[in-house]
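Biologist: I'd like a close look at one part of this protein, and I'm happy with a long answer. Here is what I have open.

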Amino acid sequence: MGIDARLYTSAFTGIGRYVYELIDNLLKTDKHNEYVLFFNKAGFDEFKNPRTHDDQSGKGVTKVLVNAAHYSFSEQWRFLKILRSANLDLMHFTHFNAPIFYRRPSVVTIHDLTLSLYPGKKMNGWLCRLAYHIIIKSIVHRAKKIIAVSQNTKRDLVKILHADAEKIAIIHEGANKMFHKISDDNIITDFLAKIGLNRPYILYTGVWRNHKNLVNLIKSFAILKHKYKFTGKLVITGKEDPWYPEVKQTVSDEHLEGDVRFTGLVPDEDLVLLYNGATVYVFPSFYEGFGLPALEAFACGVPLCAARSSSLPEICGKAAVFFDPHNPHDMAEKIASILMDKKKRDSLIANGYARLKEFSWERMANETLKIYKDVHSS
């Protein structure tokens, strides 16, 4: 059994986290199958085999250094050559980037169709767009089984790529146990003092891209300040992206320079503290394949205000207040309804804890293993 682990990372990034949790949980629970894991250099060096902690001493796990970047010629030729030489019974591509001439049995996980719906500025070149469409259509139609991380992604696959609905299995993701409620408030207070941040604050975590809807989030925050008299700050994590200067430009246009805090990339342990200190977590995206931050907010006991879009209602259920992501006034009104109502905050937190029980990485790995067995026996 082969797994494409080129995006493997223990850091809390979307697909990288999925690959990490898939491999970690599979190797802990499945003691029978042999796995060949294909890494780029960073993941190759980071990977620690969980089977070395039991009596099998790491038996049945082989890691292979590929060093083939996504959308590269190396992906299409060197990775292809390595895969062919491995002579695998089944290959799991954990992202759609697969060699188009690989013809042995495969499974693919499709996390979302963001690049089809919101290609962004980085995908404006015709060559990049062509490569994306060729690669994703190829693997969707060749794979024996498609794993979609949400019902929304399955609908998009059928509608946009005309995928066979019968071969799509929906397997939800989970939240890492690192995310939890911190009972000692002094720990949070000391951390916030160290980074010069006071409560209350509204939190957003993630990358800066057009489908993340940061511009409307900032506009809604301006409305919160002026109309609803919110005195706290908006905290936005993530690396600044030079392709999206309108994020900081909107802060300037709305005269919010002292009220919006950009933290940059945040270490995992600090991210947990930021969640715990937040009064509200806002998830403003136009489009999400799954939406891991929603589960992370639930785990940390933070009330959630989310866009009524794509997969978010499916994942959040009754544990969020929803708004129209295209309407900053509606977003501000819904956030304000949480800020001004402790009873509502408490209810959302309780619903979040209950909702979180519906998702786990262990369950994801077990359901994925069942897919492997079904495909292999068919």
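Which residue's side chain meets that of Arg 199 in a salt bridge? Take that pair as the starting point, then walk me through the other spots worth a look.

Modeller: Keep in mind that this is a predicted model. The partner of Arg 199 is Asp 185, and their side chains meet in a salt bridge at 3.0 Å, N to O. Asp 185 sits in helix H8 (residues 185-194), while Arg 199 is in the loop between H8 and strand E8 (201-204), so the pair ties together parts that are 14 residues apart in sequence. As for accessibility, Asp 185 comes out at 38%, so it counts as partly exposed. Arg 199 has a relative accessible area of 36%, and because buried means under 20% and exposed over 50%, Arg 199 is partly exposed too.

That pair belongs to a set of 13 salt bridges in the structure. Another one joins Glu 288 and Lys 212, at 2.6 Å from N to O. Here Glu 288 lies in the loop between strand E11 (280-283) and helix H12 (292-299), and Lys 212 in the loop between E8 and helix H9 (214-226), so this bridge ties together parts 76 residues apart in sequence. Both Glu 288 and Lys 212 are buried.

Now go to the start of the chain. The side chains of Asp 4 and Arg 6 form a salt bridge at 2.9 Å, N to O, and both residues are buried. Glu 75 joins Asp 4 and Arg 6 in a network of salt bridges.

A little further on is Thr 9, in the loop between E1 and helix H1 (14-29). Its relative accessibility is 19%, so Thr 9 counts as buried. Beyond its neighbours within four places in sequence, Thr 9 is in contact with Gly 16, Arg 17, Tyr 20 and Glu 46.

Next, helix H4 (residues 78-86), where Phe 79, Leu 80, Ile 82 and Leu 83 are buried. Looking down the axis of H4, these buried residues fall within an arc of 165°, so they line one face of the helix. The background is simple: an α-helix has 3.6 residues a turn, so residues three or four places apart point the same way. The buried residues of H4 pack against strand E1 (2-4), strand E2 (35-39), strand E3 (61-65), helix H3 (73-76) and E4. On the face turned away from that buried side, H4 carries the exposed residues Lys 81, Arg 84 and Ser 85. Right after H4 comes Asn 87, with a positive phi near 50°.

His 95 is in the loop between strand E4 (91-93) and strand E5 (106-110). With a relative accessible area of 15%, His 95 is buried. Leaving out neighbours within four places in sequence, its contacts are Leu 7, Ile 15, His 70, Val 108, Thr 109 and His 111.

Last stop: helix H14 (residues 328-339) packs with helix H15 (residues 342-356) at about 95°, the axes being 6 Å apart. That angle makes H14 roughly perpendicular to H15. On the H14 side, the contact uses Ser 337, Ile 338 and Leu 339, and on the H15 side Lys 344, Arg 345 and Leu 348. Sorted by class, the contact of H14 with H15 has three nonpolar, one polar and two charged residues.

Note on methods. Residues are numbered from 1 along each chain as its sequence is written. This is a predicted model: local features need pLDDT of at least 70, side-chain atom pairs count only at pLDDT 80 or more; totals for chains, interfaces and linings use all residues. Side-chain values use heavy atoms; hydrogens and water are left out. A salt bridge is a side-chain nitrogen of Lys or Arg within 4 Å of a carboxyl oxygen of Asp or Glu. Buried means under 20% relative accessible area, exposed over 50%, partly exposed in between (1.4 Å probe, protein chains only). Helices (H or I, at least four residues) and strands (E, at least two) are DSSP runs, numbered from the N terminus. Contact means heavy atoms within 4.5 Å. Axes are lines fitted to C-alpha atoms, for helices over the stretch in contact, and angles run from 0 to 180 degrees between N-to-C directions. Angles under 35 degrees count as roughly parallel, over 145 as roughly antiparallel, 65 to 115 as roughly perpendicular and the rest as oblique. Ala, Val, Leu, Ile, Met, Phe, Trp, Tyr, Cys and Pro count as nonpolar, Asp, Glu, Lys and Arg as charged, and the others, Gly among them, as polar. The arc is that of the directions from the helix axis to the C-beta atoms.
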